[in-house]
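Please look over the sequence and the structure shown below before reading on. The report that follows goes from the overall layout to a few local details of the backbone.

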Amino acid sequence: MLRRLVVTALATTATAALAASPTALAAPLPLPPLPLLDGGGGGGHDHLTVTVAHNGETDGTYELECHPAGGNHPQVLQACDRLDRLTTWGKDPFAPVSPRAKCTMIYGGDSTARVTGTWAGRPVDATYNRRNGCEMARWDAFVPVLPGAR
């Protein structure tokens, strides 16, 4: 019933507009501007700061920009591609390991990393380590955003 009312109202409005001015429906309608996907700040690209410690020669702070690619990260294009593959609607690619996860107690070393910035229009502040099997798997999933283990 509601559908019939809507269709009837639309048809009546279109007929009235056409009767008033036959060229009224021929002119293109103005389109609203497209929204910025990055939340309005940052120029429309993704920007991350990656800080690595206790991982040997790869220690340091790197800037990674994607869409368009840039920054001083040693593997900009590969890192952006990896992040694009990890990004899935409805899931946080930077999410920490669940506190309920069952992890092997294998120690992977003292390496730590922190990733901050903006990705897919959302703020990022994630930390990484290699203290157990789950954390090592999470780190390894982010290579080459994060460097491989030493």
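How many helices and how many strands are there in the protein? This is a predicted model, and in it there are 3 helices and 4 strands.

## Overall layout

When the elements are read along the sequence, they follow the pattern α-β-β-α-β-β-α. The protein has 150 residues, of which 27% are buried, a word that here stands for a relative accessible area under 20%. The protein exposes about 10300 Å², and carbon and sulfur atoms supply 62% of this area.

Another way to describe the layout is to ask how far apart in the sequence the residues in contact lie. Among the contacts with a separation of 6 or more, 50% are between residues 24 or more positions apart.

## The hairpin of strands 3 and 4

Strand 3, which covers residues 112–119, and strand 4, which covers residues 122–129, run antiparallel and are joined by 8 bridges. In this pairing T112 of strand 3 stands opposite N129 in strand 4. The two strands form a hairpin with 2 residues between them, and A120 is found in the loop that links them.

## Two residues with positive phi

Most residues other than glycine have a negative phi, and against that background two residues of this model deserve a careful look. A120, in the turn of the hairpin, has a phi near 55°, which is a positive value in a residue other than glycine. H54 is not a glycine either, and its phi is positive at about 60°; this histidine is placed in the loop between strand 1 (46–53) and strand 2.

Are these two residues buried, exposed or partly exposed? The relative accessibility of H54 is 48%, so H54 counts as partly exposed, and A120 counts as partly exposed because its relative accessibility is 47%. The class of partly exposed residues lies between the limits of 20% and 50%.

## Two cis peptide bonds

Most peptide bonds are trans, but the model also contains peptide bonds of the cis kind, and two of them can be located as follows. H67 and P68 are joined by a cis peptide bond with an omega of about 5°, and P68 is found in the loop between strand 2 (60–66) and helix 2 (76–86).

Where is P144, the residue at the end of the other cis bond? P144 is found in the segment after helix 3 (133–141), and the cis peptide bond that leads to it from V143 has an omega near 15°.

Notes. Residues are numbered from 1 along each chain as its sequence is written. This is a predicted model: local features need pLDDT of at least 70, side-chain atom pairs count only at pLDDT 80 or more; totals for chains, interfaces and linings use all residues. Side-chain values use heavy atoms; hydrogens and water are left out. Two strands pair if DSSP finds at least two bridges between them. Buried means under 20% relative accessible area, exposed over 50%, partly exposed in between (1.4 Å probe, protein chains only). Contact means heavy atoms within 4.5 Å. Accessible areas come from the Shrake-Rupley method with a 1.4 Å probe; for residues, only the protein chains shown count as cover.
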